[in-house]
Every structure is written in C-alpha cells, then in structure tokens.
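Colleague: I should like to learn how to read the features of a structural model in a careful way. May we go through one together?

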Amino acid sequence: MGDTAPNPENPIYGPFFGAMGAASSIIFSAFGAAYGTAKSGVGISAMAVMKPELIMKSIIPVVMAGIIAIYGLVVSVLIAGSLEPPSAYPLYKGFLHMAAGLSVGFSGLAAGLAIGIVGDAGVRGTAQQPRLFVGMILILIFAEVLGLYGLIVAIYLYTK
C-alpha cells in the first residue's frame, strides 16, 4: 500500500474538471442551438401562414443554429476522448479542458440566442420585403461566427 500515496499534481478530482468541460461544452451549445431553432421556427411558422412558398428559403437560420451544436459536440468528443484515470490526468489538464468546454459552450449559447432573435425577425421581415433577405443572411453569419470563435479558442486550449 506504499504505492498509493496521493500525488499533488494528479489529484483524484482532476478528471472531474475535464468531464465538466466535456459536459458544459455540449450542454450550453445545445441550449443555444435549441433556442435558435425554436425561435426561428416560430418566425417561420408565422411567416408560412401567408407565404408558404418561402418556407425552404427561411430554413437557413435553423440550419445555422444546428451548426452551433456541432461545435459543442466536437469539443465534447475531443475532451471525453482524452479523459484518463486520476493517476494519469494532471489537474492542469483538467482545468484546460474545463476552460475549453466553457469557451465553446458559452459562445455557442450566445450565438444561438443571436441566431434565434435575428432568424425570427428576419424571416418575418423577408416575407414582407424580399430585399431584406441578404441583410438577414449577413447578420446571421456574424452571429454564427461568435460560436466559431469559441470553437477556435476551445481547440487551442485543448491542445495546450
């Protein structure tokens, strides 16, 4: 039993932080994607009552919201794949994995909120004024890139 002395660099709770990073990555990204999908879907439904021919054109915000969840899924899978038993998992690595998960999770949540609000108003407005469509797409791209920034930071943190 002399071999089981606690190692201060690899405490038993180290993998907890990595697991919470993986969980927070997908949870918060999925919340953002769900909100963006639901809010945009409400706008599409309201718009489709009067102009059903625009339904397929108006699906773009829903697709963009779904991509946000993929960002969180990628980081979650990366982190979960590198989780190890406490004896081989330093606390520093756990903190980095938690930071990576939180960065993509919270930026995905923010991006999903923005996509939902812009998507809802955008598809309703496009039904009334078709020239608004290009502007809506540009605003959606700027909202989507917020999630991409979180993914980039998360991958950078993961590889440290």
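Modeller: Certainly. Let us begin with the buried side of one helix. The buried residues of α2 are P61, M64, A65, I68, Y71, G72, V75, S76, I79 and S82. Please bear in mind throughout that this is a predicted model.

Colleague: What covers the buried residues of α2?

Modeller: The cover includes α1 (14–50), α3 (91–128) and α4 (132–158). Helix α2 itself runs over residues 60–82, with 23 residues. Its first and last C-alpha atoms are 34 Å apart, close to the 33 Å expected at 1.5 Å a residue.

Colleague: How should I read the burial of a single residue, for example S76?

Modeller: One compares the relative accessible area with a cut-off: under 20% is buried, over 50% is exposed, and values in between are partly exposed. S76, which is placed in helix α2, has a relative accessible area of 9% and is therefore buried. Leaving aside residues up to four places away in sequence, S76 touches A22, S25 and I26.

Colleague: Is S29 buried or exposed?

Modeller: S29 is buried, because its relative accessibility is 0%. This serine is in helix α1. Its side chain reaches two backbone oxygens: that of S25 at 2.8 Å, and that of V104 at 3.4 Å. Beyond residues up to four places away in sequence, S29 touches S24, I68, A69, G72, V104, G105 and G108.

Colleague: I68 appears among those contacts. Which residues does I68 touch in turn?

Modeller: With residues up to four places away in sequence not counted, I68 touches S29, A33, G108, A111, I115, E144 and G147. I68 also belongs to the largest nonpolar core.

Colleague: How is such a core to be read, and how many residues does the largest one have?

Modeller: A nonpolar core is a set of buried nonpolar residues joined through side-chain atoms within 4.5 Å. The largest one here has 24 residues, and those with the most contacts inside it are I68, V75, V104, I115, M136 and L140. The elements that give two or more residues to this core are α1, α2, α3 and α4. The largest share, seven residues, comes from α4.

Colleague: Let us turn to aromatic rings. How many aromatic pairs are counted?

Modeller: Two rings pair if their centres lie within 6.5 Å, and planes over 60 degrees apart count as edge-to-face. By this rule there are four aromatic pairs. One of them joins Y13 and F17: the ring centres are 6.4 Å apart and the planes stand at 75°, so this pair is edge-to-face. Y13 counts as partly exposed, with 47% relative accessibility, and F17 is likewise partly exposed at 21%.

Colleague: What is the geometry of the rings of F17 and F95?

Modeller: Their centres are 4.9 Å apart and their planes are at 70°, so the pair is edge-to-face. It links distant parts of the chain, since F17 is in helix α1 and F95 is in helix α3, 78 residues apart. F95 is partly exposed, at 43% relative accessibility. Ring pairs link Y13, F16, F17 and F95 into a cluster.

Colleague: Where else do parts distant in sequence come together, and how far apart in space are A48 and R124?

Modeller: Sequence separation and spatial distance are read side by side. A48 and R124 are 76 residues apart in sequence, and their C-alpha atoms are 9.0 Å apart. A48 lies in helix α1 and is buried, with a relative accessible area of 16%.

Colleague: Finally, how may I set database annotations beside the model? Which residues does UniProt list for "transmembrane region"?

Modeller: An annotation may be inferred rather than shown by experiment, and should be read accordingly. The unreviewed UniProt entry lists residues 12–38, 59–83, 95–120 and 132–158 as "transmembrane region". In the model, residues 95–120 are 100% helix and 0% strand, with end C-alpha atoms 37 Å apart. Residues 132–158 are also 100% helix and 0% strand, and their end C-alpha atoms are 40 Å apart.

Colleague: Which residues does the domain annotation cover?

Modeller: The unreviewed UniProt entry gives "domain: V-ATPase proteolipid subunit C-like" for residues 20–79 and 98–157. Residues 20–79 are 85% helix and 0% strand, and their end C-alpha atoms lie 10 Å apart. For residues 98–157 the figures are 95% helix, 0% strand and 9 Å between the end C-alpha atoms.

Conventions. Residues are numbered from 1 along each chain as its sequence is written. This is a predicted model: local features need pLDDT of at least 70, side-chain atom pairs count only at pLDDT 80 or more; totals for chains, interfaces and linings use all residues. Side-chain values use heavy atoms; hydrogens and water are left out. Helices (H or I, at least four residues) and strands (E, at least two) are DSSP runs, numbered from the N terminus. The expected span of a helix is 1.5 Å times one less than its number of residues. Buried means under 20% relative accessible area, exposed over 50%, partly exposed in between (1.4 Å probe, protein chains only). Contact means heavy atoms within 4.5 Å. A polar contact is a pair of N or O atoms within 3.5 Å; within protein, one must be able to donate a hydrogen and the other to accept it, and residues adjacent in sequence count only if both atoms are side-chain atoms. Rings of Phe, Tyr and Trp (its six-membered ring) pair if their centres lie within 6.5 Å; planes under 30 degrees apart count as stacked, over 60 as edge-to-face and the rest as tilted.
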